[in-house]
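Student: Could you take me through one part of this model closely, and set that part against the chain as a whole?

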Amino acid sequence: MGGETIIPPTFTSEEEYSVDQDFSLPSLSSLNPTLLRDYLRMKAEDGKNESDRLFLEEFDKMGPQSSSPDFEAYHKRRQKVYKEVLQSYDQLRVRSMSLNEAKYKVLSYFPGIWIENVGGKKFSDYDVPKTTSLLLIGPKGCGKSSLVNKISRVFEDDNFAPERAQISYNPSVGDGTYYLQGYMIPRGSASFCLYDSRGLADGTSENINVIQNWMNNGVRHGEPVIRKSDDSSLRRRMKFKPRELGWKFCRPQMVNFVIFVVDAVSVLKSIEGHGVEDLLCLQMINEVFKHPCLSFKDDKPVVVITHGDLLSIADRVRARVYLGELLGIPPAKQIFDIPENHDPVTELTIVDMLRYSLEHADRNLPYKNWVMENVRKVPLFSWLCVLAMLLGFASGMACMRYLHMRHPRKSEFKIVWHTIRHIW
């Protein structure tokens, strides 16, 4: 914050890459799979283009599928995606010089500021919350609590402030976060709040039940996240701890958008087939992510991959592209790589991710129900007065009709015989 000088990060020789190379390939229809593999390997060994090496690794796993008629289109599409993801890292390095400007746009946010006035709708037509609520979900140990601390640190003026979210040192010992924890960003603000949640369980159905409850009924700070599979002692400890009952007095907040956190290392292990556990975890992520309850109209959650600092740039690109294909979202625009680094590029990635989430939260705000709004605004006494007037009017009309039927008016037609005699 302030007017500090921002120095763009530098990459080691192993992480140097370029996107200014030619990505064209000769016509694949004239090459058999063996020649094509040799061609890609020759280009990859030149070391000039990172995407060639990445695509060769994926191509080697495809086997006989490379001879299918659709392979050329698949290859071009895949290579274009790799190029876009690689370019995103270069673009971040350039844009990091304007980090403070990007921060200011998020710091000046208030709910509804990015509403799109389409279809004749105005700001007053939307049900705008006082605070925008962003829910973080993901498997245990994926780095949700660490992400909360990194986000908070980006907007803190005090570099020595303690971390706000409790981090699990050894995720294999327990599930880490057992209660929903809300964190206002920035600290002391009321613009938007991050809700850290308990790690997803191994079973998809159990996860869906918990998430559907949050999406339908809202989230409350301090609420215990209890599962049917929890043992009885854990359930009792979470339910009846006296100092943990304060969550019942918190007003539930409707979730406005979802941030799905995934460990990049686990994704890479599943790609390389290192273990059944990682494959099952990725399958669970895919099923939960694609469940309709997490989507806002057509907008799916934003994805954050963590622990990228343990991987090379090439492996981080592979993880993003693979997740993009698996989840059906653009990896260069909707999957954000946020490693355990403290540099302008990482901070800008965090800011970009938050802006994406907040913009889509505002875009999907529900419309107000004007009839119910007016009903709630009119006092009960006024409604009783209106009802009494209507009853009085109805009673008066009934009396008039009764009298009219009881005493019918005499005919006004009268024959003037004197005039008739004079005429004759």
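**A buried arginine and an exposed patch**

Tutor: In this predicted model, residues 24 or more positions apart account for 75% of the contacts in the protein chain with a separation of 6 or more. The chain has 424 residues, of which 43% count as buried, and its secondary structure consists of 15 helices and six strands.

The part to look at closely is Arg-78, which lies in helix H3, spanning residues 71–95. With a relative accessible area of 6%, Arg-78 falls under the 20% limit and therefore counts as buried. The side chain of this arginine makes a polar contact with the side chain of Glu-325, at 2.7 Å.

For a view of the surface, turn to Phe-110, which is found in the loop between helix H4 (99–107) and strand E1 (132–137). Phe-110 has a relative accessible area of 41%, and because this value lies between the limits of 20% and 50%, the residue is classed as partly exposed. Together with Ile-113 and Phe-123, Phe-110 makes a nonpolar surface patch of about 270 Å². As background to that patch, the protein chain as a whole exposes about 24,500 Å², and carbon and sulfur atoms supply 56% of that area.

Taken side by side, then, Arg-78 is buried, with its side chain in polar contact with that of Glu-325, whereas Phe-110 is partly exposed and contributes to a nonpolar patch at the surface.

Technical notes. Residues numbered from 1 in each chain as written. Predicted model: local features only at pLDDT ≥ 70, side-chain atom pairs only at ≥ 80, totals over all residues. Heavy atoms only, no water. Helix = DSSP H or I, 4+ residues; strand = E, 2+ residues; numbered from the N terminus. Buried < 20%, exposed > 50% of the residue type's maximum accessible area, 1.4 Å probe, protein only. Contact = heavy atoms within 4.5 Å. Areas by Shrake-Rupley, 256 points an atom, 1.4 Å probe, with all protein chains shown as cover. Patch = residues over 30% accessible without salt bridge, like charges linked within 9 Å, V, L, I, M, F, W, Y side chains within 5 Å. Salt bridge = Lys/Arg side-chain N within 4 Å of Asp/Glu carboxyl O. Polar contact = N/O pair within 3.5 Å; in protein donor to acceptor, adjacent residues only side chain to side chain.
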